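Take a moment to look at the sequence and the model together. The paragraphs below go through the inside of the protein and then its charged groups.

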Amino acid sequence: MSIVENLERVREQIAAACTKAGRNEADVALMAVSKTHPASAIEEAYAGGQRLFGENRVQEWEAKSAQLSLPDMEMHLIGPLQSNKTNKAAGLFHTIEAVDSLRIAQRLDTAAQALGRKLPILLEIKLSHEDSKHGMAPEELPALLEALPALSHVIPVGLMTVPPLDAQGEEARPYFRHLRELRDRAQSSIATLTQLSMGMSHDYTVAIEEGSTCVRVGTAIFGQREYSQP
């Protein structure tokens, strides 16, 4: 199937999951995760009506963006962000979804101020036992929430998580539910924290049932990752 056909199928499944959960389909965004896929794949998805995309690496998107001119597309950084790449990331991405420390938030705030923009951020929470997963521990969240209002050029808009790799489908539900509960509590400190970025190709229907406002789908749209790409 083509990328456009895959997009249509995923959208139909999102609509069905929303119906099952009694949710409005308009409240769940679809992010097409284009990491490791060429710029031409992004163009094909864009031609199929997709506007929201996600990439894992600053340098990968920097290279692809030079090949593209797509009005009104929105690109999020969903992979870990190193301190030395915050300035570049603030200029390349609409939203940073992997903020896991006050230090990163502060550096992004400084970079966004220099660019004269307000930068939406999501806070990545590590709910997985896997060492390979990134994010802050849930118990670290309150201190970060207390410090964020002092920053003037980043806007905390939600939370993000990636469940353990071995938590497939229904097994991912407790992780999604936990993130939703953390978000609900966090809103008492920061009212703008409304979004829940959770759910990927193998579990996004469950994530929607647990309140996801954005599902990050790569393989189900673009196929298997092309690791030979820059």
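What follows is a walk from the nonpolar core to single residues and then to salt bridges.

This is a predicted model, in which local features need pLDDT of at least 70 and side-chain atom pairs count only at pLDDT 80 or more, while totals for chains, interfaces and linings use all residues. Residues are numbered from 1 along each chain as its sequence is written, and side-chain values use heavy atoms, with hydrogens and water left out.

Start with the nonpolar core. The term means a set of buried Ala, Val, Leu, Ile, Met, Phe, Trp, Tyr and Cys residues joined through side-chain atoms within 4.5 Å. Buried means under 20% relative accessible area, exposed means over 50%, and partly exposed lies in between (1.4 Å probe, protein chains only). The largest such core has 65 residues, and those with the most contacts inside it include Ile14, Phe53 and Ile221. Helix H1 (residues 3-21) gives the most to this core, with six residues. Helices (H or I, at least four residues) and strands (E, at least two) are DSSP runs, numbered from the N terminus. Leaving out residues up to four places away in sequence, Ile14 touches Val28, Leu30, Tyr204, Ile208 and Val215; contact means heavy atoms within 4.5 Å. A second, separate core has nine residues, among them Met31, Met160, Val162 and Cys214.

Arginine 216 belongs to strand S8 (residues 214-217). Which side chain of opposite charge is nearest to this buried arginine? That side chain is glutamate 97, 4.6 Å away, and arginine 216 has no salt bridge. A salt bridge needs a side-chain nitrogen of Lys or Arg within 4 Å of a carboxyl oxygen of Asp or Glu. For charge, Lys and Arg count as positive and Asp and Glu as negative; His and the chain ends are not counted. The side chain of arginine 216 does reach backbone oxygens: that of serine 197 at 2.7 Å, and that of threonine 161 at 3.0 Å.

Next come the cysteines. A disulfide is a pair of cysteine sulfur atoms within 2.5 Å, and by this rule the count is zero. Why does cysteine 18 have no such bond? The closest cysteine sulfur, in cysteine 214, is 12 Å from its own, which is too far for a bond. Cysteine 18 is buried, with a relative accessible area of 1%, and cysteine 214 also counts as buried because its relative accessibility is 6%.

The last topic is charge pairing. Side chains of opposite charge can pair when their charged atoms come close. The whole structure holds twelve salt bridges. In one of them, glutamate 55 pairs with lysine 64, with the closest N and O atoms 2.7 Å apart; both residues are buried.

Glutamate 210 meets arginine 177 in a salt bridge (2.8 Å, N to O). This pair links distant parts of the chain, since glutamate 210 is in the loop between helix H8 (204-209) and S8, and arginine 177 is in helix H7 (residues 173-186), 33 residues apart. Glutamate 210 also meets arginine 180 in a salt bridge, at 2.6 Å, N to O. Glutamate 210 is buried at 4% relative accessible area, whereas arginine 177 is partly exposed at 37% and arginine 180 is partly exposed at 24%. These three residues are part of a network of salt bridges that also links Lys20, Glu170, Arg173 and Glu209.

Note on methods:
A polar contact is a pair of N or O atoms within 3.5 Å; within protein, one must be able to donate a hydrogen and the other to accept it, and residues adjacent in sequence count only if both atoms are side-chain atoms.
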